[in-house]
Structure formats: structure tokens, C-alpha cells
Amino acid sequence: LASSLFQLRAQNQVLKKGVVDEQANSASLKEQLKMKDQSLRKLQQEMDSLTFRNQQLAKRVELLQDELALSEARGKKNKKSTESSSQFSQEQKSVFNEDLQKKIEENERLHILFFEADEQHKRLEGELRTRLEVLEADAAQHQAVVDGLTRKYTDTVEKLQNDKAKLEIKSQTLEREAKDCRLRTEECQQQLKNLQAALGSRLEESLCIINEKVPFNDTRSNRYNALNVPLHNRRYQLKLRDLAGQALAFVQELVTALLNFHTYTEQKVQIFPIDSATDTISPLNQKFSQYLHENASYVRPLEEGMLHLFESITEDTVTVLETAVKLKVFSEHLASYLCFLRKILPYQLKSLEEECESSLCTAALRARNMELHRDMKRLTAVFEKLHTYISLLALPSTNPEGLLRTNSHLVFTNIAASLHGFHDVLKDISKHYSQKATLEQDVPTATQKLITTNDCILSSLVALTNGAGKMASFFSNNLDHFTTSLSYGPKGGTEFISPLSAECMLQYKKKAVAYMKSLKKPCADSVPYEEALANRRVLLSSTESREGLAQQVQQSLEKIAKLEQEKEHWMLEAQLAKIKLEKENQKLKNSLSGHLTETVQEHSALPNVAEQKKETAEKGLKEPIKSTSLAPDVESREDLIKTHYMARIAELTSHLQLADSKSVHFHAECRALAKRLSLAEKSKESLTEELKLASQNISRLQASRDELMTTKRSYEDQLSMMSDHLCSMNETLTKQREEIDTLKMTSKVSS
């Protein structure tokens with residue numbers, strides 16, 4: 001800082017000298033400018049006087065010209081005057097002309113002088129102005145430099161002062177932060193010790209719990225971990241099912257095209273080069289046609305296998321390579337179709353060679369046949385690659401040791417490449433076959449049937465090419481989705497899960513789904529807690545308590561036993577009365593006539609209907625007696641008395657039962673009231689105990705409040721003392737800082 005200040009001061013002195021010199025130069029230039037202005041003013045005055053004189057002369061010339069004109073006019077009018085007057089006018093005219101000539105020459109000379117003075121004045125004025133502008137620009141530049149340096153000097157001084165103040169503040173804050181950091185480090189060390197102790201105790205407790213409660217950790221073993229049900233990704237399953245549906249549509253399109261291609265190829269073999277309708281074809285073509293006729297049994301299963309695979313991918317299952325069991329079936333169907341292609345390939349090649357040897361085959365047609373010869377070999381090779389890679393993908397569901405998880409991504413990539421190769425081969429076949437068809441149309445023996453068959457084969461090849469292109473682009477676009485989730489096992493694993501474990505996992509998943517569905521069932525409406533408490537109190541104090549109900553049940557059972565005994569007694573009485581009635585009826589039958597016997601039989605049917613009731617039996621006995629007028633008045637009077645007393649007994653028994661029920665009800669209510677009273681006394685005792693505890697707590701809190709007030713006062717006194725001490729320390733620190741600042745200044749001055 002001292003060196004920079006010294007340099008700034010030296011620069012300031014140099015700049016001051018430069019400014020003084022420039023000011024002196026500017027003063028001298030200003031004086032020169034004033035002198036030039038004075039000379040310019042003099043020249044201007046002379047120029048003004050000359051212009052005035054020139055104007056006067058011009059007016060004089062005009063007057064003279066006017067007089068001359070007047071004189072000429074007069075001369076014309078007075079031509080007949082005397083010669084003396086004309087002579088005088090000529091002399092006068094010559095004098096005027098000489099005078100005018102002199103004035104003109106003088107005026108011309110003055111004009112030249114004026115023009116030269118004006119040009120010199122303008123040139124001098126321009127030079128002075130340019131010089132003045134240059135000097136003003138230099139002065140402004142020097143002034144700007146001086147202002148910038150002064151500003152920079154003031155800015156640097158202010159910046160140094162601010163830096164000094166900031167450094168002082170920073171030193172103070174750093175001292176405070178150092179003190180705080182020391183305190184925090186001590187606290188953190190203490191907390192670290194406490195945390196270590198707490199974590200150690202918790203670790204020991206957790207280890208004890210794990211050792212006691214956890215029998216084994218199934219995540220450590222891949223064999224046990226394979227039985228864990230993975231997380232269900234519904235979006236992934238729906239996406240995979242959608243992709244499987246698209247693949248099924250593409251496979252169906254390819255199957256249709258392959259069926260048409262093989263069928264129309266069979267027709268072509270029957271037609272060209274020899275038509276089977278007119279001549280016998282070669283044994284090779286016959287065998288080839290026979291094999292081609294069996295194409296549906298090999299091509300149709302491809303669609304069925306893909307359909308089964310699509311149906312196995314549902315929203316609820318877990319679709320990975322270990323659970324895709326139907327992929328093995330599709331691989332087997334593809335293998336059978338590959339065997340079919342291998343079986344017909346030699347016959348197809350020999351058929352093309354035989355066609356080349358025919359007399360109808362031209363050189364161009366022979367070249368096209370040889371290209372198709374190579375294309376058919378490439379087609380079979382592409383199908384062999386596809387079968388190899390698809391059979392590798394089917395291995396995790398049957399034999400997981402045959403494929404590593406790290407190589408599955410490469411398998412999917414090779415399938416995509418094989419599909420693109422399949423598309424390229426079909427494009428070449430369709431191109432070469434279209435050329436072959438155009439050449440065959442030019443053959444002399446070409447029929448309309450041959451042309452139609454060629455068109456059908458070309459359309460099937462175009463459909464095959466389009467389907468293969470769609471399949472290849474579809475597989476390439478969704479390659480990332482196919483390779484994201486290949487196995488449900490641990491992410492770091494290199495092997496697939498065994499199929500048995502995968503099957504067990506799916507069973508566990510079904511059980512888990514069933515369990516979750518059972519949990520989703522709505523629970524029965526439960527009684528709210530407050531209502532349950534109220535019902536409990538009512539239950540404890542109501543008439544329907546257990547003891548009261550037990551007594552009522554016991555009493556009702558005794559009454560039922562008594563009523564049963566009475567019922568048996570009255571049943572016996574009714575049987576005896578019935579026997580007596582039968583005897584009386586028998587006697588009446590013997591004594592009365594036939595008409596009376598009929599009436600007696602009609603009325604004797606009444607007691608047979610009411611065997612269980614004594615009163616109905618007696619009524620049935622009375623009616624025939626009344627009808628025959630055999631019963632005396634004494635019996636009727638006894639019956640009336642009996643019925644009256646029976647009604648009275650029934651009324652009294654009902655009153656007795658009502659009184660018994662009321663007494664039981666009142667007894668139960670009395671017991672309930674007694675229980676309520678005992679419960680109320682118990683609650684009263686508990687409330688009195690709580691009241692005592694609350695009063696004790698209040699007194700204890702008041703005592704603690706007094707203690708806290710005393711401690712608060714002592715803390716306030718201590719805080720005031722500490723604040724006074726801090727003030728004294730701050731004063732000493734300020735003094736020390738002032739001393740440090742003075743020492744720094746002295747050191748700077750000395751340096």
C-alpha cells in the first residue's frame with residue numbers, strides 16, 4: 001500500500017506540472033487569439049469603410065449615368081442647337097468619362113484589395129480556429145486525464161479505507177467466530193460422545209433383536225430371494241400387452257403372406273416350365289409340389305403360438321423371460337417351420353436349375369433364376385438366425401443356465417438385426433422375381449394362367465416385404481422397452497431365476513392379490529367410542545344385566561315346569577272325560593232310534609275334533625243332551641258355576657302374573673339403582689383423590705415458581721455483571737486496536 005501511494009503521489013506531481021504547462025500554453029494562445037481578433041477587427045473596419053466608399057462611388061456612377069442619359073436625351077431633342085453647345089457638351093462628357101474611368105479603376109483596385117484581405121482573413125481565421133480546436137481538444141484530454149487520475153486516486157483512497165474498515169470488522173468477526181467455533185467444537189465433541197454412546201446402545205439392542213427375532217435374511221441368498229414377489233408395474237404390463245398385440249398382428253400378416261407365397265409357388269411349379277394339364281412334370285417338381293402342399297400345417301402354428309403368448313401376458317401377472325413359458329412353444333413352432341424350409345430348399349434349388357436347363361429359358365431368365373437361387377439360401381439362413389435367437393430367449397423359462405442375463409441385451413439386438421436382414425432378403429426376392437415374371441411373359445409358351453400366378457406370387461412377396469419391414473421397425477423402436485426388465489431377480493445378478501422359483505413366485509403373487517382384495521372389503525360399521533362407553537354404563541346399570549336376566553330365566557323355567565305339570569294333569573282329565581263321553585254315547589246309541597242315533601253321531605264328532613281342550617268336550621257333550629232333552633237343570637247350573645269360577649281363576653292368574661312381572665321389574669330396577677349408587681360413590685372417591693393430587697401439584701408448582709423467580713433474579717444480576725465486564729473488555733479492545741492502528745501508521749511512515 002505504501003509503495004502504491006508513493007507511486008500515485010509521484011504521478012500526481014508529474015501530472016500537475018503537465019497541467020501547469022498546458023495552462024501557460026493555453027494563456028499564451030489566448031493572448032495571440034486576442035491580438036488576431038484585434039487585427040481582424042481593424043481589417044473588418046477597413047473593409048466596411050471600403051465597402052461604404054464603394055457604395056458611394058457606385059451611387060455617384062449611377063447619378064452620372066443618369067445625367068448622361070438625360071443629356072443624351074436632351075441632345076437628341078436639341079440636335080438643331082448650336083455647335084457651341086454641342087462642343088461644350090462633348091468636352092464635359094469627356095471629362096466625365098475620364099473621371100468615371102478613374103473611379104472605376106480605383107473601385108476595381110479596392111475590390112481586389114478587399115478580396116485579398118478577405119481571403120487572407122478567412123485563411124488566418126481558419127488556421128486559428130483549427131489550432132484553437134486542437135488546443136481545446138488537448139486541454140480537454142489533459143483535463144480528462146487529470147480528472148480520471150484524481151478520481152482514481154480518490155477511489156483508491158476510499159477503497160483502501162473501506163478495505164481497512166472491512167479487514168478490521170473481519171478480524172473482529174473472525175475472533176468472535178473463533179471463540180464460537182471453540183465452544184461449538186467442545187459441544188460437538190460432547191454430542192459426538194453422547195451420540196456414539198447412544199448409537200452403540202441402539203446397535204447392541206438392534207443386534208439382539210435381529211438375533212432373537214429374525215431367523216434368516218432371505219435377500220442374501222438368490223435362491224430365497226427368487227421367491228420374493230416383485231413390485232407390480234401395471235403400466236409396464238399394459239405396455240407389454242399392447243406391444244404383444246401389435247406383434248401378433250404383424251405375425252398374422254406374415255403368416256397370411258407366407259401361406260399365399262407357398263400356395264402360389266405350388267401352382268407355379270405345376271404350370272412352368274411344363275404344364276401338368278398337357279404333359280407330365282418331372283418327379284422333382286412333383287415331390288416339390290407335394291411338400292409345398294403341406295405348408296399350412298407348418299405356417300399356421302406360428303400364429304397360434306404367438307396368440308398363446310399374447311394371451312399369457314395379462315395385467316395381473318409378472319411378465320419376464322423366466323415366466324414367459326409360451327415363448328418356448330412359439331420357438332418350437334418356428335423350429336418346425338424352419339425344418340419345413342430346410343426340407344423344401346433342395347427341391348426349390350433343383351427346380352430352378354431344371355428351369356434353367358429348359359429350352360425356353362433365355363440367358364436373362366437364367367441369370368434371374370440364379371439370383372433367386374442365392375436369395376432362397378439367404379432366406380433360409382435368416383430364419384435359422386431368428387430361430388437361434390428366439391430359442392435363446394426361451395431358455396430362461398426352461399433352462400436358465402443356458403443364457404446369462406448380461407447376454408440377453410445382445411440377443412435382442414441380434415433379433416432386430418436379423419429382422420432387418422429378413423426384410424432386405426425379401427426386398428431382393430421381390431425385385432428379382434418381378435424381373436423374372438416380366439421375362440417369362442415374353443416366352444412364346446406363356447399362358448394367361450402363368451401370368452396370373454406370377455402376379456399372385458408378386459403380390460404375396462410385396463405383402464411379405466411390407467410385413468417384414470413393419471416387424472423390423474417395430475422391434476427396433478421398442479428395443480429399449482424389451483431390454484429394460486428381463487428378470488425380476490436382483491439387479492446385480494448375472495444369472496436368471498429358475499423356472500420353479502418363478503412359478504412359486506407367481507403363486508405367492510396370486511395369494512398376495514387375494515389377500516389384498518380381502519383387505520379391500522369394507523369393514524362392518526363399528527360403534528363409536530363414546531357411544532360404546534355410554535352403552536357400557538347402561539349395560540352395567542340396566543335391568544338387563546346378567547344376574548337379573550339369570551334370575552328371570554330361572555323363574556320362567558320354574559313356571560314353565562309347573563305349567564307343564566298342570567298341562568299333563570289336564571290332559572289326563574280330558575282323556576278320562578273322553579272315555580266317559582264315549583260310554584255315555586254308546587248307551588244313548590243303544591236306547592234311541594235310528595234318527596236320534598244319526599243326530600247323536602253328528603254331535604259326537606265334536607269331542608273328537610277337540611281332544612286337547614276340556615271345555616270344548618263338555619260343550620260337545622251338552623249339545624246332544626240338549627237336543628235330546630236328557631240333561632237335567634242341575635248339570636246346567638253346575639256348568640255355569642264352573643265356567644264362572646274358571647273365568648275368575650283365569651282373571652286372578654293373569655293379575656298374579658302381572659304382579660309377579662312388576663315385582664321382578666322393580667327388583668331389577670332397585671338392583672340397578674344400587675349398582676349406580678356404588679359406581680357413583682367409586683367415581684366420587686376417585687375424583688376426591690384426583691382433587692387432592694391436583695391441589696398438591698398446584699402447591700408444588702407455586703413453590704417451584706418462587707424458586708424460579710429467585711433464580712431469575714440471580715441470573716439477571718449475573719447478566720448485568722457480565723454486561724459490565726463485557727463493556728470494560730470492549731473498551732480495552734478498542735484501546736488496543738487504536739494502539740495497533742498507530743503502530744501500523746508509524747510502520748508505514750517509516751517504510
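Patches are made of residues with over 30% relative accessible area and no salt bridge, like charges being joined within 9 Å and nonpolar side chains (Val, Leu, Ile, Met, Phe, Trp, Tyr) within 5 Å. The model is predicted: local features need pLDDT of at least 70 and side-chain atom pairs pLDDT 80 or more, whereas totals for chains, interfaces and linings use all residues. Residues are numbered from 1 along each chain as its sequence is written, and side-chain values use heavy atoms, without hydrogens and water.

**View A. Negative surface patch.** E681, E685, E689 and E690 form a negative patch on the surface. E689 belongs to helix α17, residues 633–750 (helices are DSSP runs of H or I, at least four residues, numbered from the N terminus). With 52% relative accessibility, E689 counts as exposed (over 50%; buried is under 20%, partly exposed in between; 1.4 Å probe, protein chains only).

**View B. Largest nonpolar core.** This core (buried Ala, Val, Leu, Ile, Met, Phe, Trp, Tyr and Cys residues joined through side-chain atoms within 4.5 Å) has 68 residues. Y337, L379, F383, F422, L464 and F475 have the most contacts inside the core. Helix α4 supplies its largest share, 15 residues.

**View C. Salt bridge between R342 and E384.** The two side chains meet at 3.1 Å, N to O (a salt bridge is a side-chain nitrogen of Lys or Arg within 4 Å of a carboxyl oxygen of Asp or Glu). R342 in helix α7 and E384 in helix α8 are 42 residues apart.

**View D. Salt bridge between E355 and K436.** The N to O distance is 2.9 Å. Because E355 lies in helix α7 and K436 in helix α9, the pair ties together parts 81 residues apart in sequence. Both E355 and K436 are buried.

Key:
Accessible areas come from the Shrake-Rupley method with a 1.4 Å probe; for residues, only the protein chains shown count as cover. Lys and Arg count as positive and Asp and Glu as negative; His and the chain ends are not counted. The place of a charge is taken as NZ of Lys, CZ of Arg, CG of Asp or CD of Glu. Helices (H or I, at least four residues) and strands (E, at least two) are DSSP runs, numbered from the N terminus.
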